[in-house]
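Let's take a walk through this one together. Have the sequence and the 3D view open side by side, and we'll start at the ligand and work outwards.

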Amino acid sequence: MKSSPMPEANPNASGLVYMDHATTTPVHPDVLREMMPFFSERFGSPSQIYSLGQQAAECVQEARLQTSRLIGARAKHIYFTSGATEANNWAVKGAALKLRSKGRHIITSATEHSSILDPCKQLEKQGVEVTVLPVDRHGVVSPDDVKSAITEKTILITVGHGNIEVGTINPIADIGAIARERGVLFHTNAAQTAGKIEIDVEQLQCDLLSFSAHKFYGPKGVGALFMAEPKLIAPLHQGGSQERNIRGGTHNVPGIIGMGKAAELALANMAEEAKRIHALRDRLRDGLLDRIKNIQVVGHPAERVPGNLAITVDGVEGEAMLLSLDMDRICASSGSACTAGTLDPSHVLLAMGLSHEQAHGSIRFSLGAGNTEAHVDHVVECFPRIVDMLRKMSPTYPSK
Ligand SMILES: *Cc1c(COP(=O)(O)O)cnc(C)c1O
C-alpha cells in the first residue's frame with residue numbers, strides 16, 4: 001500500500017475537529033516511524049567519529065538534503081535550529097551583530113510575527129533604527145515602500161512570506177529583487193508557506209529564509225534557517241562546532257530526521273494537497289457567509305496560504321467563540337488569543353486597518369491534512385448557532 005500522503009484522520013479519533021493547523025500540526029505517522037530509532041538504538045551524536053556517531057551524521061546529512069529541496073536550496077545552505085522562532089531571532093540579531101560597522105538600520109513590516117518584531121524592538125533600544133512598513137487592507141507590504149525605505153545604513157530587510165493570522169502572501173520575489181539591486185541582505189519568514197506552497201529561494205531572491213517542521217507535519221522544536229552564503233550573519237548560539245561552526249549545540253537528531261521526512265512528504269503531495277485544502281477552505285467560507293450575517297472575511301482574496309480562513313464577527317469576542325467551539329470539540333484560533341494571556345487585539349488586524357472591536361471579534365480556522373468535507377460541514381452547522389447565542393448576550397451587538 002502506498003503510504004498515505006498526509007494523515008487521513010484527525011490526531012484524536014474521538015470526534016475532534018482540529019482546524020488550527022497554522023498553529024501546529026500532528027506528526028505524520030511515517031515521520032514518527034523514521035524518528036523513533038534515533039531516540040533509542042541510534043542515539044549517537046553526529047559530532048563523534050565512531051560509527052554510531054558517523055551513521056547519525058549521515059542521516060542528518062540526508063535530512064538536510066530533503067529539507068533543502070522543500071525550498072529549492074542546496075543542502076549546504078541549510079542550518080538546523082530549534083524552530084522558526086530561533087531562525088527569525090538569528091536572522092535579525094545575527095545581521096545586526098555582523099553588519100554593525102556597515103550600518104544600523106533594519107526594514108520590516110507591521111504584520112510580522114513577534115519573533116521578528118520583538119528582536120527588532122530590542123535592537124531599537126540599543127540604537128538600531130527600525131522602519132516598520134505599513135500594509136494595505138489585505139495585509140500586503142508594498143515593494144515600492146520597501147524601496148523608498150532603503151538608506152545607506154540599511155543592513156537587513158525582513159518581510160514575512162505568508163501571514164500566520166490572515167494567510168496573506170507578500171510579493172517576496174519583488175522585494176527580493178529590490179534588495180538584491182541595492183545590495184541589502186534580505187530575509188523572509190516562510191514558516192506559514194514552507195510545505196504548503198512551492199518555494200524557490202532563487203526565485204524569491206532571498207539571502208535568508210526561516211521555516212519550521214511542526215507547521216508541515218514534522219515534530220515541534222526543530223526548524224531551519226536557509227543562508228545563501230556561510231557567515232552572512234553572526235552566530236548567536238556559540239559553544240560547539242555543530243552546523244559548520246555557526247550554530248552550536250548537540251544536534252536534535254530525531255527532530256532533524258523528522259523534519260527531513262516531513263519535507264519529503266510535503267513536497268511529494270504539495271500540489272494535490274494545496275488544491276484539496278483550498279477547496280475545503282472555500283467551502284467553509286461560503287457556508288459561514290451564507291448562514292451568518294455581519295461577518296467579514298479578512299486577508300488577501302487570492303494571494304493566500306491554502307487553508308487559512310480568518311473572519312471577524314461583529315459583536316462577539318474571539319475568546320468566547322473559541323471556548324464555545326471547544327465545547328463542540330472544534331479547535332480554532334483567534335487573533336486576540338494569539339498572544340496568550342493578554343487581551344491585546346492582534347497587531348496584524350490593526351495594521352490592516354480593522355477597528356479594535358473588529359479585531360477582538362476575530363477568529364481563524366486553519367485547515368490541514370486531517371480535515372474533510374464532513375469537518376467543514378460540522379463547523380458550518382455549529383458555528384452559526386454559537387454566534388447567534390453569543391450575540392444574544394452581547395452588549396455591543398444590536399438585536400434586530
Ligand atoms: C509558527 C510560526 C513561527 C514560530 O515557529 P516555531 O517553530 O514554533 O518557533 C514563526 N512565524 C510564523 C509565521 C509561524 O507560523
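How many residues surround the ligand, and which are the closest? Keep in mind that this is a predicted model. The shell holds 13 residues, and the closest are T85, Q192, S212, H214 and K215. Sort that shell by character and you get three nonpolar residues, nine polar ones and one charged.

Now zoom in on the polar atoms. An N or O atom in the side chain of K215 sits 2.5 Å from an oxygen atom of the ligand. The side chain of T85 puts an N or O atom 2.6 Å from a ligand oxygen, and the side chain of S212 has an N or O atom 2.6 Å from a ligand oxygen too. As for cover, the ligand taken alone exposes 380 Å², and the protein buries 87% of that.

Which element gives the shell its largest share? That's helix 3, residues 84–98, with three residues. So let's follow this helix for a bit. Its 15 residues should span 21 Å at 1.5 Å a residue, and the end C-alpha atoms are 20 Å apart, so the expected and modelled spans agree. Helix 3 is also mostly covered, with eleven of its 15 residues buried. Among them are E86, N88, N89 and W90, along with a run of alanines that includes A84, A87 and A91.

Two of those buried residues lead us on to other parts of the chain. Start with N88, a buried residue of helix 3: its side chain makes a polar contact of 2.7 Å with the side chain of S210. S210 is found in strand 7, and at a relative accessible area of 0% it counts as buried. Then take E86, also buried in helix 3. E86 and V222 are 136 residues apart in sequence, yet their C-alpha atoms are 9.4 Å apart in space. V222 belongs to the loop between strand 7 (208–212) and strand 8 (223–227). Is this loop residue buried or exposed? V222 is buried, because its relative accessible area is 0%.

For a contrast, jump to S148, which has its place in helix 5 (residues 143–149). S148 counts as exposed because its relative accessible area is 63%. Measure across from S148 to I257 in your viewer: the pair is 109 residues apart in sequence and 42 Å apart in space, C-alpha to C-alpha.

What about the cysteines? The disulfide count comes to zero. Take C120 as a case: the closest cysteine sulfur, in C206, is 17 Å from its own sulfur, so the two are too far apart for a bond. C120 is buried, at 2% relative accessibility. C59 is buried as well, with a relative accessible area of 18%, which falls under the 20% cut-off.

Last stop: helix 14, residues 373–393. At 1.5 Å a residue, its 21 residues should span 30 Å, and the end C-alpha atoms are 31 Å apart, which agrees. Look along it for the buried positions, which include H375, V376, V379, V380, F383, I386, V387 and L390. Why might such spacing turn up in a helix? An α-helix has 3.6 residues a turn, so residues three or four places apart point the same way. Also on the buried list of helix 14 are C382, P384 and R391.

Technical notes. Residues numbered from 1 in each chain as written. Predicted model: local features only at pLDDT ≥ 70, side-chain atom pairs only at ≥ 80, totals over all residues. Heavy atoms only, no water. Helix = DSSP H or I, 4+ residues; strand = E, 2+ residues; numbered from the N terminus. Expected span 1.5 Å × (residues − 1). Buried < 20%, exposed > 50% of the residue type's maximum accessible area, 1.4 Å probe, protein only. Near = heavy atom within 4 Å. Polar contact = N/O pair within 3.5 Å; in protein donor to acceptor, adjacent residues only side chain to side chain. Areas by Shrake-Rupley, 256 points an atom, 1.4 Å probe, with all protein chains shown as cover. Nonpolar A, V, L, I, M, F, W, Y, C, P; charged D, E, K, R; others polar. Disulfide = S-S within 2.5 Å.
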